[in-house]
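Student: I would like to go through this model with you before I set anything up. May I start with the backbone?

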Amino acid sequence: MRGRLVGAAVLAVLTASCATAPDTGSASSGAFAFAVIGDIPYSEEDKAFLDGKIVPAIQAADFPFVIHVGDTKSGGAPCSDALDDAHEALIASLKPKPVFYTPGDNEWTDCDRFPDPATGKPASELKRLEALRARFFAGAVVAPAEMSASRQPELPENETWRYDGVRFATLHVTGTNNGRAAVMGDDAAEAGRAVASRDAADIAWIKETVRLARREKAKALVFAMQSDMTDIGPSFLGKACAPAEVNSQPPCDGFVHLREAVHDAAVDFGGPVLLIHGDTEPFTFGREFAGGEAPNLWVLNAAGDVHQASDGSWGGFRDATLVTITPGGASPFSARGLVTGEIPESN
């Protein structure tokens, strides 16, 4: 059954926060909706909003699933088992809704900003990733059988599933220039090989997802990742990294081939394609993709990432995102703040 709100419970939750209750779909329109969480909590205020507003709203709505685009903590906080425990508790609190989670840089590539308590040296990113995989990506995806959810053998954090004629996939693409910058706790050659392997697996997963979508005659295709692949300095935009290049000076563009793969996937699929990401602010929805636009590609920079800049100004938008898909509609995708109802900026 396509998602609908669970009556008065969710209305009470969202009325208390001065928001409009999310419409999770209607049989007449063929539309359905789901929630996207990412880049939260970075602070105690974020944590209170997540626990007190976002979680109750999702619990009360009949979403078929939730996508989490990573950055489960601030990059300014050391990586710890306690923070992983909190993220695991968040996922558990949303059951029985499946939560499709893709890691962000804050919970692994940025962990070497802090010393390993055992050695006093910068923590190992690669060991941290192994720990995340063991905790969050071991075993089969927990989702209803009709979703046909599966993991990529090479990168178990890459998942794909389908719902109501739409094919979805997560891609493990992180910030910190796709994990190519600021490698401090691992051997550079080993880290470079890991990046090259991950890139190859991501591109293969994009192609496989398109193959499945075409075979199924999917109505739309959705990719979700952590990194904002458009957030590249103009001086090195389009300057491709060598396959195993890390810590390059001047920087290279760690997303060249991945952006090309998403663009080519949209062209190959032919139908509406949505790319969801976090990692940066502001909260935007539109068609710009660092010069890699395709006529059937939409890009959503999801809500989150509330932070204070060095000049004292604040950025980001504290909320989760309600995404609605209307297959066959003139506007197949739409988005707004889940709790606040805020409409993203267009670009």
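Student: Where is Pro282 placed?
Tutor: Pro282 sits in the loop between β9 (273–277) and β10 (284–286). Please keep in mind throughout that this is a predicted model.

Student: And what is the peptide bond from Glu281 to Pro282, cis or trans?
Tutor: That bond is cis, and its omega is near 15°.

Student: Which residues does the other cis bond that I marked, with omega of about 10°, join?
Tutor: That cis peptide bond joins Lys95 and Pro96. Pro96 belongs to the loop between α3 (81–93) and β4 (99–101).

Student: Why point these out at all?
Tutor: Most peptide bonds are trans, and most residues other than glycine have a negative phi.

Student: On phi, then: what is the value for Asp279?
Tutor: Asp279 has a positive phi of about 85°, although it is not a glycine. Asp279 is found in the loop between β9 and β10, and Pro282 is placed in the loop between those two strands as well.

Student: Is Asp279 buried or exposed?
Tutor: Asp279 is buried, because its relative accessible area is 17% and the cut-off for buried is under 20%.

Student: What about phi of Ser148?
Tutor: Ser148 is not a glycine either, and its phi is positive, near 50°. It lies in the loop between α4 (125–136) and β5 (150–151). Ser148 counts as partly exposed, since its relative accessibility is 31%.

Student: Which loop holds Pro144?
Tutor: Pro144 is also in the loop between α4 and β5. With 32% relative accessibility, Pro144 counts as partly exposed. Its C-alpha is 27 Å from that of Ala266, and the two residues are 122 residues apart in sequence.

Student: Let me change topic to the buried positions. Where does Ala35 lie?
Tutor: Ala35 lies in strand β2, residues 31–37. Its relative accessibility is 0%, so it counts as buried.

Student: What is Ala35 in contact with?
Tutor: Leaving aside neighbours within four places in sequence, Ala35 is in contact with Ile58, Phe63, Phe65, Val66, Ile67 and Thr321.

Student: How far apart are the C-alpha atoms of Ala35 and Gln152?
Tutor: They are separated by 23 Å, with their positions 117 residues apart along the chain.

Student: And which helix has Val262?
Tutor: Val262 is in helix α7, which covers residues 256–269. At 1% relative accessibility, Val262 counts as buried. Beyond four places in sequence, it is in contact with Ile206, Met229, Leu275, Phe289 and Leu297. From Val262 to Arg336 the C-alpha distance is 23 Å, at 74 residues apart in sequence.

Student: I also noted Thr72. Which residues does Thr72 touch?
Tutor: Not counting residues up to four places away in sequence, Thr72 touches Ile40, Pro41, His87, Tyr101 and Glu107. Thr72 lies in the loop between β3 (66–68) and α3. It is nevertheless buried, with a relative accessible area of 12%.

Student: Now the whole chain. How many helices and strands are there?
Tutor: The chain has 7 helices and 16 strands. Its radius of gyration is 19 Å, close to the 20 Å that the globule rule gives for 347 residues, so the chain is as compact as a globular protein of that length. Along the principal axes, the C-alpha atoms fill a box of roughly 55 × 45 × 40 Å.

Student: What share of the residues counts as buried?
Tutor: Of the 347 residues, 54% count as buried. The accessible surface is about 14200 Å², and carbon and sulfur atoms hold 55% of that. Among contacts with a separation of 6 or more, 69% are between residues 24 or more positions apart.

Student: How many positive and negative side chains are there?
Tutor: There are 30 positive and 47 negative side chains, and the centres of the two sets lie 7 Å apart.

Student: Finally, where does pLDDT stay under 50?
Tutor: It does so over residues 1–20, for which the model has 51 contacts beyond four places in sequence. Where pLDDT is low, the predicted coordinates should not be read in detail. For the chain as a whole, pLDDT averages 91, and 92% of the residues score at least 70.

Technical notes. Residues are numbered from 1 along each chain as its sequence is written. This is a predicted model: local features need pLDDT of at least 70, side-chain atom pairs count only at pLDDT 80 or more; totals for chains, interfaces and linings use all residues. Side-chain values use heavy atoms; hydrogens and water are left out. pLDDT is the predictor's confidence in each residue, from 0 to 100. Contact means heavy atoms within 4.5 Å. Helices (H or I, at least four residues) and strands (E, at least two) are DSSP runs, numbered from the N terminus. The radius of gyration is taken over C-alpha atoms; the globule rule is 2.2 Å times the number of residues to the power 0.38. Buried means under 20% relative accessible area, exposed over 50%, partly exposed in between (1.4 Å probe, protein chains only). Accessible areas come from the Shrake-Rupley method with a 1.4 Å probe; for residues, only the protein chains shown count as cover. Lys and Arg count as positive and Asp and Glu as negative; His and the chain ends are not counted. The place of a charge is taken as NZ of Lys, CZ of Arg, CG of Asp or CD of Glu.
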